[in-house]
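The following exercises concern contacts made by aromatic rings. Each task is followed by a worked solution.

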Amino acid sequence: MEAFVEGQYFYRVIFSLSGLFLFMTLGLVWPYRKNRELQKTDRWFNNLALTFGNGLIVRLFIPLSLIHIVEIESLQSFKLLNFTGVNPWFHFAFGVILLDLAIYWQHRLTHMIPLLWRLHRVHHSDVEFDTTTAGRFHTLEIFFSFGLKAIIVVVFDLSAASILAFEILLNFSSLFNHTNIHFPEKIEKVLRWIVITPDLHRIHHSTYHDEMNHNFGFSISLWDRLFSSFKNQSRSPQDTMSIGLNRFRSQKEQTLWALLKQPFLSD
């Protein structure tokens, strides 16, 4: 177990960088939308600076991972469930599914609660949609998400394997569904019954509020279908639809410093 815990960062970094390279490449080779509003390199720099900067900051201020937190003996009394003697595969599947459901509701709540929306709108204020958008989150939202997941993994006694698998799944799925690609109609119809495709998630990044408040899932499309937040089509063609927030569209509002200040601006 010790070797597994210590190797977790290596696994996550390898899968994250591989996914970033793969899906950025696909978006460049077969781009669905053309970046129209801001220079691509400027967007990439700001988005990737947030992505990698957040990773370093969280690592610096929270030296313990979710897997480390599960192993803290003083927190064992907070367990609501105990999986001792339970089939390890059931324990693993339960953990992955529970965390995925939790992230669905976390995402939905960030659209419902004004304070959380101030943080989350940094992600939605991107005026275009590609793989770099996947990691464009305010640092404070990253800390909030970590705290929520930490409570869940302790209270529900989740396994180290399920935590690591979920973190890899979440990162890979987010990179995939933000990719600037489009599947042929027949393939798209099949895929969206199982996973959140770029077409489905692009609707979530629409400037129209009724579209933005749908398709909250990051990996599977089940949660949106189950909780009535699934939206099949956007009102405008996806290759020309307006992406982002109407309030934050200028070059000066898209700089790294502006993004860090954005949650503290009035509504």
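**Exercise 1.** Identify the ring over which the charged end of Arg225 sits, and state the distance from its centre.

*Solution.* Step 1: apply the criterion, by which a charge sits over a ring if NZ of Lys or CZ of Arg is within 6 Å of the ring centre and within 35 degrees of the ring normal. Step 2: the charged end of Arg225 is placed over the ring of Phe230, 4.0 Å from the ring centre. Step 3: Arg225 also sits over the ring of Trp193, at 4.0 Å from the centre.

The model is predicted: local features need pLDDT of at least 70, side-chain atom pairs count only at pLDDT 80 or more, and totals for chains, interfaces and linings use all residues. Residues are numbered from 1 along each chain as its sequence is written, and side-chain values use heavy atoms, with hydrogens and water left out.

**Exercise 2.** Classify the aromatic pair of Tyr104 and Phe227, and determine whether each residue is buried or exposed.

*Solution.* Step 1: rings of Phe, Tyr and Trp (its six-membered ring) pair if their centres lie within 6.5 Å; planes under 30 degrees apart count as stacked, over 60 as edge-to-face and the rest as tilted. Step 2: with 5.7 Å centre to centre and 25 degrees between the planes, Tyr104 and Phe227 are stacked. Step 3: buried means under 20% relative accessible area, exposed over 50%, and partly exposed in between (1.4 Å probe, protein chains only). Step 4: Tyr104, at 2%, is therefore buried, whereas Phe227, at 28%, is partly exposed.
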